[in-house]
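Trainee: Could you take me through this chain slowly, setting each value beside the definition behind it?
Mentor: Gladly; let us look at it together.

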Amino acid sequence: MEVINAIGRRKSAVARVYLTEGTGKITINKVELDKYFPSAILQYVVKQPLELLEAAEKYDIKANLDGGGFTGQSQALRLAIARALVKVDAEDKKTLRSHGFLTRDAREVERKKPGQPKARRRFQFSKR
């Protein structure tokens, strides 16, 4: 099996994934998964598509993560892994789609408007 690559995005985070046959080792920016994401919840989010297809021990994953925060990065990585798994076996697409792993979460941060402290928040109104 050759190297399969895929990309995933969430908010301003971008994940580029390179999937090869292996023993289940996940490396992010040349750092182990448990060192890069110390939180068990974020590790769980990253591994969700692999656990669903029972492929956690079949593939080695090398990922480059850039931008965003740790939550956005973990969700971008999950999307990229799911897309790479679909490239490996197209029959897995229905299962991954039904669990929502192939849907790009398009929510972005709304821009700050002039004359306001935040995007929606207004300064306190004073009648007098």
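Mentor: Accessible areas come from the Shrake-Rupley method with a 1.4 Å probe, and for residues only the protein chains shown count as cover. By that method the accessible surface of the chain comes to about 8600 Å², of which 50% belongs to carbon and sulfur atoms. This is a predicted model, in which local features need pLDDT of at least 70 and side-chain atom pairs count only at pLDDT 80 or more, while totals for chains, interfaces and linings use all residues. Residues are numbered from 1 along each chain as its sequence is written, and side-chain values use heavy atoms, with hydrogens and water left out.

Trainee: What makes the chain more spread out than a compact globule?
Mentor: The globule rule, 2.2 Å times the number of residues to the power 0.38, is set against the radius of gyration, taken over C-alpha atoms. For 128 residues the rule gives 14 Å, and the chain has 18 Å, well over that value, so the chain is more spread out than a compact globule. Its C-alpha atoms fill a box of roughly 70 × 30 × 25 Å along the principal axes.

Trainee: How do you know that the span of helix 3 agrees with its 19 residues?
Mentor: A helix is a DSSP run of H or I with at least four residues, numbered from the N terminus. The expected span is 1.5 Å times one less than the number of residues, so helix 3 should span 27 Å, and its end C-alpha atoms are 27 Å apart, which agrees.

Trainee: Which residues of helix 3 are called buried?
Mentor: Buried means under 20% relative accessible area (1.4 Å probe, protein chains only), and in helix 3 the residues that meet this include G72, L77 and V86.

Definitions and conventions
Helices (H or I, at least four residues) and strands (E, at least two) are DSSP runs, numbered from the N terminus. Buried means under 20% relative accessible area, exposed over 50%, partly exposed in between (1.4 Å probe, protein chains only).
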